Amino acid sequence: FCKKSLSRIHIISLLDNEEYLEEVIHQFDGIDFAERDLVSFSIISDKQHVRDNMAKLSRYGFDIHCFSFSLVRFVSEIGDLLRPEDRSAIIVPGRNAQNEPISIDITGIYSKLLANGINVVHRDIVSEADKSIDTLPAFYRGETITWKELEADVDVQRGKYEELKRKVLERVSQKFTLYHSAGAGGTTISRRLAYDLREQVPTIIINDYSRTVTFNLIEMLSVKLNRPMLAIVEHSKVGNIDELIASCNAKKRIVVFVYVERILNKRSVVGQSQSEYISDRMHDAEEKGKFTYKVNLYRPNSQCLQWIEKTPYANCEVIDFSMSIAEDEYRKDAIDRYVRQYLNQFSEPTVEFLTYVSMVYHYAQRSVSDLVFRKLFVTSNDKTGLMAYMRQRQDEMLYLKKLIIIDGEDVEEERLWRPRYSRFADIVLEQVLGGDTPDKWKNALPEWSKKLIRVVKENYEFLTDDVQRMLVAVFLAGVAVGDDVAEHRLLFGGGI
């Protein structure tokens, strides 16, 4: 390369190891055609030990400079330099020196913020993510809602949304916590908030947190915009941000942090100020109507519509509408997280009961009475049965009804239970029988099948017709109760 033509050669090194750096420079020193006055080195490193060795490297006679950049910052700056000239400016609301509202272009620092986990929700963020929306939006298959889907109002505005927005706008430099139950759509609501307020208030979403880097970048943006900002932070991604808030307050950087946190029970946050709770249950009949409209729009022939329409709004949950639209296409990892959150709260008898209900539904598509398993549940005063047991564990009963529901009328004489959705049954079997290897859950099926039969036998001195039908449906097929088995070909069912 040096021999080909006489020209200036500029080498940019991103190496942090001074031994490698010296070897590279040494190699150039051995090239006859590498004229000292035509070769220069720029070393990019934020490591002190590299800068300390500059005198040692300079002995070769080349022009060598060290620039104190991190690799991330260097790449970010290069990205900004290479930005096409016709790219739209990244505009957010700010104020000038006279404290008048203006629009400010942050194109020069946008990539740097993004590279460090700070997503600025700017005016034209939809055009940046211009992927078209599918006939069935990805949001209804369990994906995080996109800005384009928010623009198209794919989501449903929750009953408490306007109140939440008002409370956030009234806050000044403090933490406001948005509590939500699993499946309530906390992420969706927070992104809707960011999207709707982006032209009123400078809005960022913090996806990653580094003690000093995050604050320094927020401070840099705050100085550039010269006005209060809104920051959306999810507990599941970032963790505790109290130190970050304290740093902002100490430097008088006015930032309202909306801290999105999932909880199991509303009672744990009752009475807390500077917070709002979003339930996974319908707020009122109007909210249920909005969700039902979406089901009719995207899956008008859903088999769940009839159940939704006849169920009181207080018993309908957000997950019911999502699964009604796209149960078979819904992201498995999202259902896994939902089921596991509640499964981890159950006592051993409840886990066993839930597993049997799931087994029966998985292999026989049948509901099953809790009376069949009543002796699993023994109370402190020696009463038996699910309902007696759950009177002492009200939270556990609430969580159980997230995963299984009463099929038909809720009558004391007999309650028939089935999984809320068939995929919930599959996930329960994977997590309980499979444990650390959920894809191999059927390895435990023989033992659990024997347990099921033993538990039924312990509860029934004599085998009633309905229980016999249940067992036949799980383990056998093609044999009706009362039929002479000898006259029919015996077929094994899915359980076998």
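Let's start with two helices, H17 (residues 348-364) and H19, whose axes come within 12 Å and cross at roughly 20°. That small angle is under 35 degrees, so H17 counts as roughly parallel to H19. If you look at how one passes the other, the crossing is right-handed. On the H17 side, the contact is made by Thr350, Phe353 and Leu354, and on the H19 side by Glu396, Leu400 and Leu403. Keep in mind as you look around that this is a predicted model.

Stay with H19 for a moment, because this helix has another partner. Helix H16 (residues 332-343) packs against H19 (residues 394-403) at an angle of about 155°, and their axes are 9 Å apart. Here the angle is over 145 degrees, so H16 runs roughly antiparallel to H19. The crossing of H16 and H19 is left-handed. To find the spot where they touch, pick out Tyr338, Val339 and Tyr342 in H16, which meet Tyr399, Lys402 and Leu403 in H19. Leu403 of H19 is worth a second look: it appears in the contact with H16 and also in the contact with H17.

Now move along the chain to another pair. Helix H21 (residues 445-459) and helix H22 (residues 465-475) pack at about 175°, with 12 Å between their axes. That makes H21 roughly antiparallel to H22. Which residues of H21 and H22 meet? From H21 come Ser449, Leu452, Ile453 and Val456, and from H22 come Val467, Met470, Leu471 and Phe475.

Next, some charged side chains. The whole structure has 32 salt bridges, and one that you can find in helix H8 (residues 161-170) joins lysine 167 to glutamate 163. Their side chains meet with 3.5 Å from N to O. Both residues lie in H8, four residues apart, which is about one turn of the helix.

Finally, head out to the surface. There, Ile12, Leu14, Leu71 and Val75 form a nonpolar patch, and together they have about 360 Å² of accessible area. One member of the patch, leucine 71, lies in helix H4, which covers residues 71-81.

Note on methods
Residues are numbered from 1 along each chain as its sequence is written. This is a predicted model: local features need pLDDT of at least 70, side-chain atom pairs count only at pLDDT 80 or more; totals for chains, interfaces and linings use all residues. Side-chain values use heavy atoms; hydrogens and water are left out. Patches are made of residues with over 30% relative accessible area and no salt bridge: like charges are joined within 9 Å, nonpolar side chains (Val, Leu, Ile, Met, Phe, Trp, Tyr) within 5 Å. Accessible areas come from the Shrake-Rupley method with a 1.4 Å probe; for residues, only the protein chains shown count as cover. A salt bridge is a side-chain nitrogen of Lys or Arg within 4 Å of a carboxyl oxygen of Asp or Glu. Axes are lines fitted to C-alpha atoms, for helices over the stretch in contact, and angles run from 0 to 180 degrees between N-to-C directions. Angles under 35 degrees count as roughly parallel, over 145 as roughly antiparallel, 65 to 115 as roughly perpendicular and the rest as oblique. A crossing is left-handed if the near helix is turned anticlockwise from the far one by less than a right angle, and right-handed if clockwise. Contact means heavy atoms within 4.5 Å.
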